[in-house]
Amino acid sequence: MTRRLEVADLVVRHKTRKGTVHAVAGVSFEIGAGQTLGLVGESGCGKSSLARAIVGLNKPTSGNLAINGTAVDPRRPSSRARDMQMIFQDPYGSLNPRLTVRELVEEPLKVHRLRSRAERREWVKALLDRVGIPETMHDRLPHQLSGGQRQRVGIARALALEPKIIICDEPVSALDVSVQAQVLNLLVDLQREQDLSYLFISHDLEVIRYVSHWIAVMYLGVIVEIGPVDRIWKSPLHPYTRALMQTTDNREMQAGPEVKLNSELPNPLSPPSGCRFRTRCPLAIERCAQEEPQLREEAAGHKVACHRAQEWASRVSAAA
Ligand SMILES: Nc1ncnc2c1ncn2[C@@H]1O[C@H](COP(=O)(O)OP(=O)(O)OP(=O)(O)O)[C@@H](O)[C@H]1O
């Protein structure tokens, strides 16, 4: 597998008046060429902090990044703009309201001094055409577009520099359900055509399942489970993943204990000792308070950070 993006031990801390939030507490994963890793977890578990640090919008506290096998300095964002771009949840907030559609897509090319004026015009037109924005709209301002059209412009802008990796941070959450599928299909088609790699963030597991090859589940700054999409969908092993699955109409999940998320996410300023999920976990035992579980491979490519995962895994397969 050609590894497009490798993230190792990434740490992001935010200093606030009340203390330091450990938003990302040592996260590692890789994404192959033409693959999507879907990242899921409740609001506040650190998904955006992770995405912004990878793309260079926030400086990570520590960690390593490699793009196409070459290490890049995670604290120097300019070094990776041409390889990696981001698509945001709120295309209105992320698009300069004073620039026309055409200018918005052209801007990254101008900043990086790429192509002649005539070539830029042609490339911008081709990009807008590809994402389904007709020429009659190229001179419009963002507020004159629908939410779906704005997101299409956001996608064209992200593609302008021909990156191979795109970080999609909740790209369809702000859109009407009827438009969500169109934008998701566009992203999936573009991936196939251009062999793009996506880190796709969503709190919606159904969306994640639709677009992803791999799923990573994040809880209070750490990845608690990661694996191939079908495996996670059918045989999730971490109690937190099971709890998230129980909020969907996943009928393929193998039988096992019910885990409900009744309480709120603990205060991220002082996460629980040992396993961060233990305060909400009906299966927690003494060891969970004392020792932080590490990700361990339970099946090919399927890793889980839970002291009880093995016991669990045998029970789940016995019931299957
Ligand atoms: N710039 C910041 N300054 C201080 N704290 C921050 C900052 N950005 C995020 N946080 C805190 O870091 C933690 C993780 O937030 P983050 O936005 O990364 O999570 P998330 O999973 O993306 O949530 P959401 O889905 O709501 O965007 C939260 O406790 C949040 O309050």
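This is a short tour of the structure, one selection at a time.

**The whole chain**

Begin with everything shown, and keep in mind that this is a predicted model. Colour by secondary structure and you will see eleven helices and twelve strands in the protein chain. Turn the chain along its principal axes: its C-alpha atoms fill a box of roughly 65 × 40 × 40 Å. A compact globule with 320 residues would have a radius of gyration near 20 Å, and the 21 Å of the protein chain agrees with that. Buried residues make up 42% of the 320 residues. If you display contacts between residues at least 6 apart in sequence, 64% of them join residues at least 24 apart.

**The ligand**

Now select the ligand and the 14 residues around it. Which of these come nearest? They are His14, Ala23, Ser43, Ser48 and Ser49. By class, this shell has four nonpolar, nine polar and one charged residues. Next, highlight strand E1 (3-16), strand E2 (19-32) and helix H1 (47-55), each of which supplies at least two residues of the shell. H1 gives the most, with three residues.

**Helix H4**

Move on to residues 117-130, which form helix H4. The 14 residues of H4 should span 20 Å at 1.5 Å a residue, and its end C-alpha atoms are indeed 20 Å apart. Show the side chains of Val124, Leu127 and Leu128, the buried residues of H4. Look down the helix axis: these buried residues fall within an arc of 95 degrees, so they line one face of H4. An α-helix has 3.6 residues a turn, so residues three or four places apart point the same way. What do the buried residues of H4 pack against? Their partners are H3 and H5. Then rotate to the face turned away from the buried side, where you will find the exposed residues Ala118, Glu119, Glu122 and Ala126. After H4 comes Gly132, whose phi is positive, near 85 degrees.

**Helix H5**

Finish with helix H5, residues 147-159. Its 13 residues should span 18 Å, and the end C-alpha atoms are 19 Å apart, which agrees. Is H5 largely enclosed or open? Eleven of its 13 residues are buried, so H5 is largely enclosed by the rest of the structure. Among the buried residues are Arg150, Val153, Gly154, Ile155 and Leu159. To see what surrounds them, select strand E6 (84-87), helix H2 (91-94), helix H3 (101-111), helix H4 (117-130), strand E7 (165-169) and helix H6 (177-194), against which the buried residues of H5 pack.

Key
Residues are numbered from 1 along each chain as its sequence is written. This is a predicted model: local features need pLDDT of at least 70, side-chain atom pairs count only at pLDDT 80 or more; totals for chains, interfaces and linings use all residues. Helices (H or I, at least four residues) and strands (E, at least two) are DSSP runs, numbered from the N terminus. The expected span of a helix is 1.5 Å times one less than its number of residues. A residue is buried if 20 or more other C-beta atoms lie within 10 Å of its own, exposed if 12 or fewer, and partly exposed in between; C-beta atoms are placed from the backbone. Two residues are in contact if their C-beta atoms, placed from the backbone, lie within 7 Å. A residue is near a molecule or strand if its C-beta atom, placed from the backbone, lies within 6 Å of it. Ala, Val, Leu, Ile, Met, Phe, Trp, Tyr, Cys and Pro count as nonpolar, Asp, Glu, Lys and Arg as charged, and the others, Gly among them, as polar. The radius of gyration is taken over C-alpha atoms; the globule rule is 2.2 Å times the number of residues to the power 0.38. The arc is that of the directions from the helix axis to the C-beta atoms.
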